[in-house]
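Please open the model in your viewer and keep a selection panel at hand. The stops below are arranged so that each selection leads on to the next.

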Amino acid sequence: MTPPIYPITEDDIANYLANTPDFFQRHAELLATVQFTSPHGHRAVSLQERQAEMLREKIKGLEQRIMDMVRHSNENVAIAQKVHQWTGELLCVGEPADLPDAVVQGIQRLFDVPQAALRLWDVAPAFAAAPYAQGASEDSRAFATSLTMPFCGPNLGFEPAGWLVAPDGVAAQSLALLPLREGAMDSATPAFGLLVLGSPDPQRFDATM
């Protein structure tokens, strides 16, 4: 019985060439005759030209990645410098009662955050009448404690968003809510405050941050 004859497929040819690296050494003239359609202008180019085009495209892609890395590095350096400056300013605050305002003002000025607010609770009696110790309801306190990581995303009507003052009258469309607590960042450790950052730009604070 004659065994069935199966047609040779492109995969068969590709496997043969991959496993026979000296094929083109024995048939070098084929390299000069193989032509491809260039993606630039749809003209016919040789195998060597097509390979060169592919290498140029790969190099261009690598250059773009390097440029992105340099840009991110410069941004990180700029952020680190701002954090250093902000920390230095906070260390220079002499009165504890002035520290909450310094935190908010520094964030707005150095990090270009349009709106920011800070609320603390269970403070010492000497600070109980301060503006930053007012307005945090029990629900807001429980919400802050429930956050085991900062929330970044759209303003979904959170009560703490009402603490923000919009200089231009435009309400915050995106928020960053940062619970303040001592020790581990978990719901078993009660929060003693909440830092709220807001922006009228819906994309300023997003869930990927």
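**The loop after H5**

Begin by selecting Asp 112, which is placed in the loop between H5 and S3. This is a predicted model, and in it Asp 112 takes a positive phi of about 55° just after H5, although the residue is not a glycine.

**The whole chain**

Now zoom out and colour the protein chain by secondary structure, which shows six helices and six strands. Followed along the sequence, these elements give the pattern α-α-α-β-β-α-α-β-α-β-β-β. If you colour by accessibility instead, buried residues make up 26% of the 209 residues in the protein chain. In a contact map restricted to a separation of 6 or more, residues 24 or more positions apart account for 49% of the contacts in the protein chain.

**Helix H5**

Return to H5 and select residues 99–110. The helix has twelve residues and reaches 16 Å from its first C-alpha to its last, which is close to the 16 Å expected at 1.5 Å a residue. Which residues of H5 are buried? They are Pro 100, Val 103, Val 104, Gly 106, Ile 107 and Leu 110. Because these buried residues cover an arc of only 165° around the axis, they are on the same side of H5.

**The largest nonpolar core**

Next, show side chains for the largest nonpolar core, which has 17 residues, and within which Ile 107, Leu 197 and Phe 205 have the most contacts. At least two residues of this core come from each of helix H5, strand S3 (115–120) and strand S6 (193–199), and H5 gives the most, with four residues.

Centre the view on Leu 197 and display its surroundings, leaving aside the neighbours within four places in sequence: Leu 197 is then in contact with Ile 107, Val 113, Gln 115, Ala 116, Ser 174, Leu 175, Ala 176, Leu 178 and Phe 205. Apart from the largest core lies another one, of 15 residues, among them Leu 147, Leu 175, Ala 191 and Leu 194.

**The largest pocket**

Add a surface and look for the largest pocket, whose volume is about 320 Å³. Of the 13 residues that line this pocket, select Phe 111, Val 113, Leu 197, Phe 205 and Met 209, which lie nearest its centre. Which helix supplies the largest share of the lining? That share, three residues, comes from helix H4, which you can select as residues 47–91.

**Two further loops**

Move on to Asp 122, whose place is in the loop between S3 and helix H6 (138–146). Here too a residue that is not a glycine has a positive phi, of about 55° for Asp 122. Is Asp 122 buried or exposed? Its relative accessibility is 70%, so Asp 122 counts as exposed, the cut-off for that class being over 50%.

For the last stop, select Glu 182 in the loop between strand S5 (174–180) and S6. Glu 182 has a relative accessible area of 65% and is therefore exposed. With its neighbours within four places in sequence left aside, Glu 182 is in contact with Thr 189 and Phe 192. To finish, draw a C-alpha to C-alpha distance between Glu 182 and Phe 192, which are ten residues apart in sequence and 8.1 Å apart in space.

Definitions and conventions. Residues numbered from 1 in each chain as written. Predicted model: local features only at pLDDT ≥ 70, side-chain atom pairs only at ≥ 80, totals over all residues. Heavy atoms only, no water. Core = buried A, V, L, I, M, F, W, Y, C linked by side-chain atoms within 4.5 Å. Buried < 20%, exposed > 50% of the residue type's maximum accessible area, 1.4 Å probe, protein only. Contact = heavy atoms within 4.5 Å. Expected span 1.5 Å × (residues − 1). Arc of directions from axis to C-beta. 1 Å grid on protein atoms, 1.4 Å probe; cavity = no way out; pocket = protein on both sides within 12 Å on 5 of 7 lines; lining within 4 Å. Points joined across faces, edges and corners; volume = space filled by probe spheres on them.
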